[in-house]
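Student: Can we go through this one together? I'd like to know what stands behind the words people use for it.
Tutor: Sure, ask away, and we'll set each value against its definition.
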Amino acid sequence: MAELLRGKPVSDEIARNIESRIAALHELGACPALALVRVGERPDDVAYERSVMKRAEALGVVTRQVTLAADAEEDQVVASIEAINVDEDIHGCLLFRPLPPHLDEERVCNALAAKKDVDGITNASLASVFIDSGQGFPPSTADACLKVLDHYGVPLEGARVVVVGRSLVVGKPVAMMLLARHATVTLCHSRTPDVAAVTREADVVVFASGRPKRFGAECVRPGQVVIDVGINFDEAGVMCGDVDGAAVEPIVRALTPVPGGVGTVTTATTLLHTVEAAEVAAREQTDIAIERLM
Ligand code: NAP
């Protein structure tokens, strides 16, 4: 049976890291703060917002809710983001998506200043994933996949990795981040013929397709490490991944469970990015204060 690569030990490790860094920030009189921007009352968003606030509070990251009506005008949403950009007490911004269909998601996302983009939604952050320009942060879910692999000591250099899914939220950024770690990366998508034949060749497979339990025994082989990013619901309304866990678990070496896998690490990663953004802001403030003294 596969070793289950649970997310909790990974998020606990991140939490310890965050706590010590927040203590250092407090000594400088700074306190990391995350704005949560929600447009409308989608139950998924409300539930996610509640869980982020709970995690943030437990770790000492301040949150500020910015809630707009479902029919808010685009200019109003953009103005809320721009207000966050200039608010020195806010270091990161998490925008719940998808936005209502009348809003231009690209315009709203790109209104956010890259230095506060702790979930990798701006073009500047995404470009940085490709060209390492040091702007913004990678999408938290993609970064969470790397954190799980690193925590469990999965070697990446020279490994054959297959990523199933090519979205800007998960597939493409995780592929680029794995490439930067010297893995040999193949991307599959809905037009890839015989995905199972491709995934079976890999040492590590990252499934991010959003297809409930779509990938079973035919897609894996013994010795593989499988990261299941999917958060889906089956016909009975039970949360499940992209992988058919019951079929895959007896075959592979290791597998992230759903729930309790990558999803557990994503929020911790967003909070870690917020702390990093607060550290940069604190350094800038210190530099300004020193300049004024000189
Ligand atoms: P998405 O935007 O719908 O993208 C899905 C990708 O999978 C697309 O690139 C699509 O190909 C590909 N695909 C779909 N069916 C396929 C198939 N049968 N074979 C091969 N490729 C296939 O979804 P997403 O936003 O990336 O999310 C993916 C999953 O991750 C979802 O279950 C989502 O809930 C989950 N998720 C989890 C977290 C977390 O914290 N763990 C965060 C975000 C998302 P095409 O490009 O050709 O259409």
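**Around the ligand**

Tutor: Let's start at the ligand. This is a predicted model, and in it 23 residues surround the ligand, with Arg-166, Ser-167, Ser-190, Asn-232 and Thr-266 coming nearest.

Student: What makes a residue one of those 23 around the ligand?

Tutor: The cut-off is a heavy atom within 4 Å of the molecule. So each of the 23 residues, Arg-166 and Thr-266 among them, has a heavy atom within 4 Å of the ligand.

Student: What kinds of residue are in the shell, and how are they counted?

Tutor: There are eight nonpolar, 11 polar and four charged residues. Arg counts as charged and Ser as polar, so Arg-166 is charged and Ser-167 is polar.

Student: Which helix gives the most to the shell?

Tutor: That's helix α10, residues 262–293, which supplies three residues.

Student: How do you know that Ile-231 makes a polar contact with the ligand?

Tutor: A polar contact needs a pair of N or O atoms within 3.5 Å. A backbone N or O atom of Ile-231 is 3.0 Å from a ligand oxygen, so the pair qualifies. Arg-211 gets there with its side chain: an N or O atom in it is 3.3 Å from a nitrogen atom of the ligand. For His-189, a polar backbone atom sits 3.5 Å from a ligand nitrogen, so that pair falls at the cut-off itself.

Student: How much of the ligand does the protein cover?

Tutor: On its own the ligand has 940 Å² of accessible area, and the protein covers 73% of that.

**Sheets and domains**

Student: What makes β2 and β3 a pair?

Tutor: Two strands pair if there are at least two bridges between them. Strand β2 (residues 33–39) has seven bridges to β3, so the rule is met. The two run parallel, and one of the bridges joins Ala-35 to Arg-64 in β3.

Student: Which sheet do they belong to, and why are β3 and β4 called edge strands?

Tutor: They belong to an open sheet of three strands, in the order β3-β2-β4 with parallel pairing. Strands β3 (62–68) and β4 (92–95) each pair on one side only, which means that they are its edges. On average, neighbouring strands in this sheet are turned by 20° against each other, ignoring direction.

Student: And what is the order in the six-stranded sheet?

Tutor: That open sheet runs β1-β11-β8-β7-β5-β6, again with parallel pairing. Its edge strands are β1 (3–4) and β6 (184–188). Inside it, β7 (residues 204–207) and β8 (residues 225–228) share four bridges, so they also pass the test of at least two. Val-204 stands opposite Val-225 there.

Student: How far apart are the centres of the two domains?

Tutor: The assignment gives domain 1 as 29–113 and domain 2 as 140–262, and their centres, taken over C-alpha atoms, are 29 Å apart.

**Backbone details**

Student: Which peptide bonds are cis, and where are their prolines?

Tutor: One runs from Arg-97 to Pro-98, with omega near 5°, and Pro-98 is in the loop between β4 and α4 (105–110). Another joins Val-258 and Pro-259, with omega about -5°; Pro-259 is in the loop between β11 (254–255) and α10.

Student: What is notable about phi of Asp-194?

Tutor: Phi is near 50°, a positive value in a residue other than glycine. You'll find Asp-194 in the loop between β6 and α8 (195–200).

Definitions and conventions:
Residues numbered from 1 in each chain as written. Predicted model: local features only at pLDDT ≥ 70, side-chain atom pairs only at ≥ 80, totals over all residues. Heavy atoms only, no water. Polar contact = N/O pair within 3.5 Å; in protein donor to acceptor, adjacent residues only side chain to side chain. Areas by Shrake-Rupley, 256 points an atom, 1.4 Å probe, with all protein chains shown as cover. Domains from an automatic or database assignment. Axes fitted to C-alpha atoms, helices over the stretch in contact; angles between N-to-C directions.
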